[in-house]
Amino acid sequence: MTKTLGHSAVRTRRRPADKFEDRREQLAAAALATLAEQGYARTSLRDIADKSQFTHGVLHYYFQDKTELITYCVQHYKARCIARYDSVVGAGTTEDDVRQLFCDAMIVSLIDDAPVQRLWYDLRSQSMFDAELAQKVAELDRNLEAMIFRVVEHFAELGDRKLTMSSAMIYALFDGIFQHAVLNERSAPSDGSELRTAIVELLECVAVAP
């Protein structure tokens with residue numbers, strides 16, 4: 001006779017790979033605050049261990065070295081960031097919607113996530129001297145470029161506008177004004193109004209109305 005198992009007897013078991021990835025995410029979250037505070041060059045795995053509940057040995061088990069841990073942290077954050085900006089495309093049904101939502105997303109990234117943004121720019125600078133790091137940063141940069149272009153392209157389509165620049169140029173310009181805002185935010189915290197003005201002006205330059 002076949003025995004029927006009740007729901008209580010059926011257990012969903014997570015694969016070891018899933019558990020390993022969950023643990024890496026926990027470690028990355030714990031490490032991010034220290035990394036964002038001290039920067040890439042001044043932080044070691046031991047520094048991170050000293051300021052978290054995890055030992056140096058545990059960190060080394062899940063991450064080969066500091067570079068792997070830091071890039072994992074930034075990749076994890078940027079994935080959330082990309083989802084934030086993709087929601088602008090999903091929710092924006094008019095030019096004004098996209099303009100407003102895009103500015104709001106940039107200001108949240110500037111003010112609420114300033115330490116992580118500084119870490120990102122620090123990591124990108126360090127990549128000029130580290131070939132392995134350069135490859136990972138370049139991949140992230142390509143994803144961010146695509147993210148910005150999706151927003152700008154959607155803005156242009158809604159207003160029947162013409163894009164005047166390539167995806168790479170558009171990203172370089174928006175990234176430039178955002179990096180400038182991040183640098184200024186460190187010395188003179190703001191409400192993001194200057195960044196909002198710059199974004200609105202730049203949108204008009206890269207997507208010209210008919």
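A residue counts as exposed when its relative accessible area is over 50%. Keep that cut-off at hand as we start our walk through this predicted model at Asp160. With a relative accessible area of 60%, Asp160 is therefore exposed. Look for Asp160 in the loop between α7 (131–158) and β1 (162–163). The backbone deserves a glance here too: Asp160 is not a glycine, yet its phi is positive, at about 50°.

From there, let us move along the chain to a pair of helices. Two packed helices are described by the angle between their axes and the distance between the axes. For α8 (residues 167–187) and α9 (residues 193–206), that angle is about 170° and the axes lie 11 Å apart. Angles over 145 degrees count as roughly antiparallel, so α8 is roughly antiparallel to α9.

If you display the side chains, you can follow the contact from either helix. On the α8 side you will find Ile170, Leu173, Phe174, Ile177, Phe178 and Ala181, and they meet Leu195, Ala198, Ile199, Leu202, Leu203 and Val206 of α9. By class, this contact of α8 with α9 has twelve nonpolar residues, no polar ones and no charged ones.

Now for the empty space. Rolling a probe the size of a water molecule over the atoms shows where empty space is left. The largest pocket holds about 190 Å³. Its lining consists of Leu110, Ile177, His180, Ala181, Asn184, Glu185, Ala188, Ser190, Gly192, Glu194, Leu195 and Ala198. Here our two helices return, since α8 and α9 are the elements that give two or more residues to this lining. The greatest contribution is that of α8, with five residues. In character, the pocket lining divides into six nonpolar, four polar and two charged residues.

What about enclosed space? Searching the whole structure turns up one cavity of 30 Å³ or more. The volume of the largest cavity is about 160 Å³. Of the 15 residues lining the largest cavity, Tyr121, Met147, Ile148, Asp175 and Phe178 lie nearest its centre. You may recognise Phe178 from the α8 side of the contact with α9.

Several helices take part in this lining: α4 (66–91), α5 (95–111), α6 (114–126), α7 and α8 each supply at least two residues. Once more α8 stands out, giving the largest share of the cavity lining with four residues. Sorted by class, the lining of the largest cavity comprises eleven nonpolar, two polar and two charged residues.

Key
Residues numbered from 1 in each chain as written. Predicted model: local features only at pLDDT ≥ 70, side-chain atom pairs only at ≥ 80, totals over all residues. Heavy atoms only, no water. Buried < 20%, exposed > 50% of the residue type's maximum accessible area, 1.4 Å probe, protein only. Axes fitted to C-alpha atoms, helices over the stretch in contact; angles between N-to-C directions. Parallel < 35°, antiparallel > 145°, perpendicular 65-115°, else oblique. Contact = heavy atoms within 4.5 Å. Nonpolar A, V, L, I, M, F, W, Y, C, P; charged D, E, K, R; others polar. 1 Å grid on protein atoms, 1.4 Å probe; cavity = no way out; pocket = protein on both sides within 12 Å on 5 of 7 lines; lining within 4 Å. Points joined across faces, edges and corners; volume = space filled by probe spheres on them.
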